[in-house]
Amino acid sequence: MTEPATARMLAPGVATGEVLVLDEALSFWGGFDPKTGLLIDTHHPQAGAALTGRVLVMASGRGSSSSSYVFAEAIRAGTAPAAVVLGETDTIVALGAIVASELYGIEVPVVVAREHGLVSGRRATVRADPFGPAGITVE
Amino acid sequence: MLGSGALSLSHGDHAALRGDRGDALQLAMRIVTRIAEAMQARELLDVASAHVDGCLYHGRAGLDFARRLIEGGAQVAVPTTLNVSSLDLLHPELVRLDAGTTDEARALMQAYVAMGCRPTWTCAPYQLAERPSFGEHIAWAESNAIVFANSVLGARTGRYGDFIDICCAVTGRAPAAGLHLDEERLARTVLRVEGLPPALLRDDAAYAAIGHIAGGATGTDVPAIVGLPDTTTEDQLKALGAAAASSGAVAMFHAVGVTPEAPTLEAATGGLEPTLDMTIDLRALRAARDALSTVKAGAAVGSVSLGTPHHSAAELRRIARLVEGRRLAVPVYVNTGRDVLAQVADEVDVLRGAGVTIVTDTCTYITPIIERVATPVVTDSAKWAWYAPGNLGFDVAFATLEECVDSAEAGRLVRDAKAWGDD
């Protein structure tokens with residue numbers, strides 16, 4: 001275990017999962033199927049990857065404003081990533097998590113962290129406390 | 001309740017947050033303030049109108065959210081238009097969804113109308129009679145509408161997504177952050193369009209291709225595009241913005257000498273040193289066209305889809321002129337808004353006479369209208385060509401409008417070498 005990297009909370013929660021670092025940004029709408037949990041954007045270098053239960057790392061959001069809805073639907077359906085770590089603020093992803101938490105009481109933490117030391121395949125825990133600092137711990 | 005404490009709220013905001021004005025306003029204000037905190041806003045500001053994307057059905061979560069708002073007594077506080085839905089209410093026979101999904105999609109549409117939203121069902125609200133004025137703060141969702149409002153109208157909206165759109169409409173408030181603020185609207189990247197044949201620079205497809213390149217190159221930044229003629233039309237700027245918001249997360253661009261906040265490059269950048277300064281030439285445009293096409297010239301085509309975003313009256317008139325008197329070998333679909341459709345009755349007769357299918361209220365790439373039609377699909381939309389391979393599993397070809405109609409007539413992909421400067 002290493003010291004937790006600091007992060008900024010966009011949506012609260014605590015989750016652990018296998019890390020998947022995306023090489024390019026992803027639009028959840030059009031790029032992710034909430035029925036299967038798979039990345040379906042054929043332009044994306046990681047097309048076909050399973051995102052369910054992962055700590056998903058991406059530099060930024062992209063594309064459609066429907067991504068909030070698709071992300072919330074994935075959380076409802078149980079196909080969503082366990083947590084999302086963004087390189088810059090993206091409220092569209094955060095919104096999906098915030099609304100799913102309001103509707104279903106399921107929390108998927110969404111945080112912003114530029115330096116996080118996350119590597120695909122390792123397990124990591126993302127903590128986003130609404131009253132304290134957010135952090136990422138790599139196992 | 002609030003995390004950082006840096007967000008300062010008005011008395012009205014506090015009252016809504018406490019629940020003094022009902023459950024729906026409390027929920028909506030809680031979401032607006034959480035997003036304001038995520039955006040590190042210091043306060044909220046009043047919005048004059050809203051455009052809501054949450055009426056397009058992607059599963060139960062959206063319906064659960066709309067019903068929660070309605071149960072709490074939600075009504076919009078500002079004029080609010082609605083984006084495309086999953087159904088074509090004017091032509092219901094076109095849409096091939098199963099009965100259960102159709103019922104839920106219709107219930108979602110009805111829920112937003114019940115909250116006082118106008119049933120406009122278009123992704124191009126800037127083509128409606130009333131549109132935002134320069135400098136006005138608004139809360140718009142739908143990526144192509146956001147980029148058009150900011151760039152072409154000079155109105156100010158953040159890159160809002162589903163859910164926050166209706167929350168802003170119900171509260172009349174939005175975070176004072178992002179593109180609502182002067183400094184965030186300055187260009188950080190410069191794209192120079194150079195060396196394009198004049199005929200190509202008059203073609204709407206060139207603008208879609210430029211937008212596709214801009215989105216890939218600049219991601220979430222505001223680009224300043226240099227080298228577009230002062231005759232550039234709103235339809236061309238629409239095509240550019242829609243493509244840039246699909247291949248990237250562009251929510252605003254400047255076209256120097258064309259869009260209202262960019263009389264000069266210096267005005268667009270505010271004198272800031274750009275983080276990227278690149279040239280878009282003919283080779284790049286042809287590469288974009290090819291990247292948006294999974295089939296080559298001469299390939300058999302299954303159908304043609306036009307109008308993503310929804311075509312304007314001017315674009316429908318152009319298509320009518322192109323198809324009049326020709327025999328179309330494959331189905332041609334044109335997406336447009338019901339308000340635009342009502343303005344072009346004569347052209348609609350010509351289009352229908354030529355066998356063109358007009359789709360309103362929805363769009364061919366978000367709902368299974370052409371499910372049983374053989375692919376590939378030829379389209380004049382870079383956005384359609386970008387999303388269709390993943391969303392629908394279709395082969396596509398991105399083409400000029402003339403190439404689309406020529407291909408529909410020939411039943412195979414026709415490329416006009418001259419149009420793309422391929423001597």
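Here is a short conversation about a predicted model with chains A and B.

Visitor: Before we start, how confident is the predictor in the complex, as ipTM and pTM?

Guide: Welcome! In this predicted model, local features need pLDDT of at least 70 and side-chain atom pairs count only at pLDDT 80 or more, while totals for chains, interfaces and linings use all residues. Residues are numbered from 1 along each chain as its sequence is written, and chains are lettered from A and ligands numbered from 1 in the order in which they are written. For the complex, the predictor gives an ipTM of 0.94 and a pTM of 0.94.

Visitor: What is the average pLDDT of chain B?

Guide: pLDDT is the predictor's confidence in each residue, from 0 to 100. In chain B, 97% of the residues score at least 70. The average for chain B is a pLDDT of 94.

Visitor: What radius of gyration does chain B have?

Guide: The C-alpha trace of chain B spans about 65 × 55 × 35 Å along its principal axes. The radius of gyration is taken over C-alpha atoms, and the globule rule is 2.2 Å times the number of residues to the power 0.38. With 423 residues, a compact globule would come out near 22 Å. Chain B agrees with that, at 22 Å.

Visitor: Which helix gives the largest share of the largest nonpolar core?

Guide: A nonpolar core is a set of buried Ala, Val, Leu, Ile, Met, Phe, Trp, Tyr and Cys residues joined through C-beta atoms within 7 Å. A residue is buried if 20 or more other C-beta atoms lie within 10 Å of its own, exposed if 12 or fewer, and partly exposed in between, with C-beta atoms placed from the backbone. The largest core has 193 residues, and B:A28, B:V32 and B:I225 have the most contacts inside it. Its largest share, 10 residues, comes from residues 23-38 of chain B, helix α2.

Visitor: Which helix gives the most to the side of chain B that touches chain A?

Guide: Two residues are in contact if their C-beta atoms, placed from the backbone, lie within 7 Å, and 36 residues of chain B are in contact with 35 residues of chain A. Helices α2, α3 (60-71) and α15 (382-391) of chain B each supply at least two residues of that side; helices (H or I, at least four residues) and strands (E, at least two) are DSSP runs, numbered from the N terminus. With six residues, the one that gives the most is α3(B).

Visitor: Which residue in β12(B) is the bridge partner of B:T336?

Guide: Strand β11 (residues 332-336) of chain B runs parallel to β12(B), and five bridges join them. Strand β12 (residues 356-360) of chain B is mostly covered, with four of its five residues buried. There, the partner of B:T336 is B:T360.

Visitor: Which strands stand at the edges of the open sheet of three strands in chain B?

Guide: Two strands pair if DSSP finds at least two bridges between them. The order in this sheet is β3-β2-β4, with parallel pairing. Each edge strand has a single partner strand, so one side of each is left without a neighbour in the sheet; these are β3 (80-82) and β4 (139-140) of chain B.

Visitor: Is A:A11 buried or exposed?

Guide: A:A11 lies in strand β1 (residues 5-11) of chain A. Its C-alpha is 5.2 Å from that of A:P109, although the two are 98 residues apart in sequence. Because A:A11 has 27 C-beta neighbours inside 10 Å, it counts as buried.
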